[in-house]
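Please look through the sequence and the structure shown here before reading on. The report that follows moves from a single residue to helices, a sheet and charged pairs.

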Amino acid sequence: MAVAVSRAVQEAFAADPTAVVNLVGPLGAGKSTLLAGLTARAAQPGDQRPAEPPRGDPRCGAPESGAPESGGPGSSDPGSSDPRSGGAESGGLEATGPRSGHPGPDDPPGQGRTSWPAVDGIDSAGAAAALVGRPGPLIVAGRLPLRSLPGWSDRPDLVTIEVPAWTDDAIDRLAAEHGVTGGPGRAAVRRLAGGVPLIAVWSCRALHAGAPAEVPGAVAAGAVPAILDRLATEGAAPAGALDLLAAVGEADADLLDQLAGPSPGGGRSETWADGTGGLFDVLDRLSPIRRTDLGLAVAEPYRTLLDEAFRWREPVAHRAALTRAAAHVRRLVGDTAEPRRRGSLIFQACFLTGDAAIRDALFPGPGPAAVIRPAVAADFDDIDRLVHQWTVRGSLNPRATGRILDGWLRSTPEGFLMACLPDGRAVGVANVPPVTDVSIASMEPVLQQHTEDVTDSLPGRRGLFVGLAFCDDRQPAIHALLLRAILRPAIQHGAVVVSTMWPEYQQLVRRLGFSYRGATATDVYRCGRPCEVYTQDFTPGYLAGWLDDLARRGVPNPVGHDVARLRRHVRAALESLRDPLALAGNPLLALTGSATPEALRDWLSDAVVGLSAADDRLDAEAGRTLQECYLHPGAVPHDRAAARLHHSRATHFRRLDRGLTILAARLMHARP
């Protein structure tokens, strides 16, 4: 990686000796390491932050002397200093003046030069503004492309060079250098790092500090403080805001306000962080944040890192955030007619289930960039190669598979999708033709006796057929991207038909709540497993019910089996019965299987009314006490409620506690 970047820099200056080269990479990618090499001098005191544990995380201990922070052996992406204080070059790596073996100021620009002036840590618009108009030659390293910032977009001498993510093999070697040699530990580091060496190093330290490799949240929690410490150079985000955004995947301004509560100034947008905008605007300025169809998202691998740590550290709060976001998304889906946005909302609804099978298949975390595109005639050899791999992996009969593939290619060659790496190499393929009178004949071998029933059930006899989805086993993130690329047009077509013999896919479509039509009469692939056929209607009339069912899936009993804890949640919900926003954040929303705050309110009201009619006298009194305190429009303080029921104060609170305990006990056996 370092050689490729160095070569690209040299080529840029060879083409234009007075160029400004923008070295761009995410937080912790190793930019400062590369820059130190390009400037051909060792870092001086003050150039790099001391290698010390981030503030607030003493558990990791002090690093060993000379240990690299990140970016590979010997250094880090330290964020040298905050360039907004004392000028843009304060603390940066600035190479100036004649040096032995290099041209002096009187030499022709670029002639014989092997190092160039450089400025590090330009990670914000404010820092970049101080360099506008400065001539080259110059290397500027930072987390944001200069062309995306004011004053830089029209500079003809600006060349952008991206620092690529580290490969899994490189992360493995870095982990080994930091003493992590076991398989589970290396796998945990590799998954969390997502190609970012800073995360890898701190994950290794977390493992050495005792975090179990099998508990990714515990490992992630050891790396999160280092990320937040570096991110502080861009401006502080409100406490916990990044955790919440990472947990829910994507969020608009309305959802962020619901999740985080009012700003310190008391309103939606007055005084968050630095007083310059609402929470949405504050987060939008940070380099790891991306704009999406639905608002903002934390870029990978930082999203997975923050999410794992949050879920491990605060499981109830984590699940409450998912539940509140799911209710928000559910409301938006009903008001959204635009197909692309509706598809994005449905994907987020799937993500917010928290279901392990759905997350692993559709949202596995960080991975390489990829392109999903329709197949063309030149792809037929790659299709044949990938289908052969699919055949071998599934122990399918090659001749049977070949006949089915031939039918698909002859009938609807335009129905194939290719998953390709940035270099164009195909690593995945899918067969997803629309259901038409022409294409149905090629689908019959894998639908068999269900063909007529399935096609008749489709709205307007329209939908998308999924007969194949395969990706290289080493590319789970690209596989997930391919599956999402299948589901989006399926939603736009209004329905999907799936025929699969793969147990993993069968589990996924069951978890997604697709309708099971049955198994095929014969084993068409001769692999010992008949195909199973599933359908799902995505038209508005069916979508609402499907989303309600989906909202009930995921992690059961998020608040645990502690009656005392459940009782506290029941009481908080009853006290907020007329506040939908507060109910949306209560973990009972998920525990009762309620899709909306209104549904939780109805569940609680029915439970209290039912208790007040109990045969047991004390139970009935407990129910009436809850009614008096929480259900009546004119709910009154406890002393007045006790007087109305002719109870002493002590009796009142005993009945109140009894009622809350009974409802909590019922919830002990609840399932989403």
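Gln 348 belongs to helix α13, which covers residues 339–352, and, like everything described here, this helix is part of a predicted model. Is Gln 348 buried or exposed? With a relative accessible area of 5%, Gln 348 counts as buried, because that value falls under the 20% cut-off. Leaving aside residues up to four places away in sequence, Gln 348 is in contact with Val 248, Glu 250, Leu 294 and Val 329.

A helix can also be considered as a whole, and α25, made up of the 16 residues 597–612, serves as an example. At 1.5 Å a residue, α25 should span 22 Å, and this agrees with the distance of 23 Å between its end C-alpha atoms. Several residues of α25 are buried, among them Leu 600, Leu 604, Ala 607, Val 608 and Leu 611. When the helix is viewed down its axis, the buried residues of α25 fall within an arc of 160 degrees, and therefore they line one face of the helix. An α-helix has 3.6 residues a turn, so residues three or four places apart point the same way.

The next element is a sheet. Four strands form an open sheet in the order β10-β12-β14-β13, and their pairing is mixed. Because β10 (464–466) and β13 (515–519) each have a single partner strand, they stand at the edges, and one side of each is left without a neighbour in the sheet. From one strand to the next, the twist averages 15 degrees. The strand β13 runs antiparallel to β14 (residues 532–537), and four bridges join the two. Within this pairing, Ser 515 has Thr 535 in β14 as its bridge partner.

Charged side chains make up the last topic. The model has 31 salt bridges in total, and three of them are set out below.

| Salt bridge | Closest N to O distance |
|---|---|
| Arg 303 and Asp 307 | 3.3 Å |
| Glu 621 and Arg 617 | 3.0 Å |
| Glu 628 and Arg 644 | 2.6 Å |

Arg 303 and Asp 307 are both found in helix α11 (residues 302–313), where four residues, or about one turn of the helix, lie between their positions. Both Arg 303 and Asp 307 are buried.

How many residues apart are Glu 621 and Arg 617 in helix α26? They are four residues apart in this helix, which covers residues 617–631, and so they are separated by about one helical turn. Glu 621 is buried, with a relative accessible area of 14%, whereas Arg 617 counts as exposed because its relative accessibility of 54% is over the 50% cut-off.

The side chains of Glu 628 and Arg 644 also meet in a salt bridge. This pair links distant parts of the chain, since Glu 628 lies in helix α26 and Arg 644 in helix α27 (residues 638–644), with the two partners 16 residues apart. Glu 628 counts as buried at 8% relative accessibility, while Arg 644, with a relative accessible area of 43%, is partly exposed.

Salt bridges can also share partners, and in this way Glu 300, Arg 303, Asp 307 and Arg 359 are joined into one network.

Terms used: Residues numbered from 1 in each chain as written. Predicted model: local features only at pLDDT ≥ 70, side-chain atom pairs only at ≥ 80, totals over all residues. Heavy atoms only, no water. Salt bridge = Lys/Arg side-chain N within 4 Å of Asp/Glu carboxyl O. Buried < 20%, exposed > 50% of the residue type's maximum accessible area, 1.4 Å probe, protein only. Pairing = 2+ DSSP bridges. Axes fitted to C-alpha atoms, helices over the stretch in contact; angles between N-to-C directions. Expected span 1.5 Å × (residues − 1). Arc of directions from axis to C-beta. Contact = heavy atoms within 4.5 Å.
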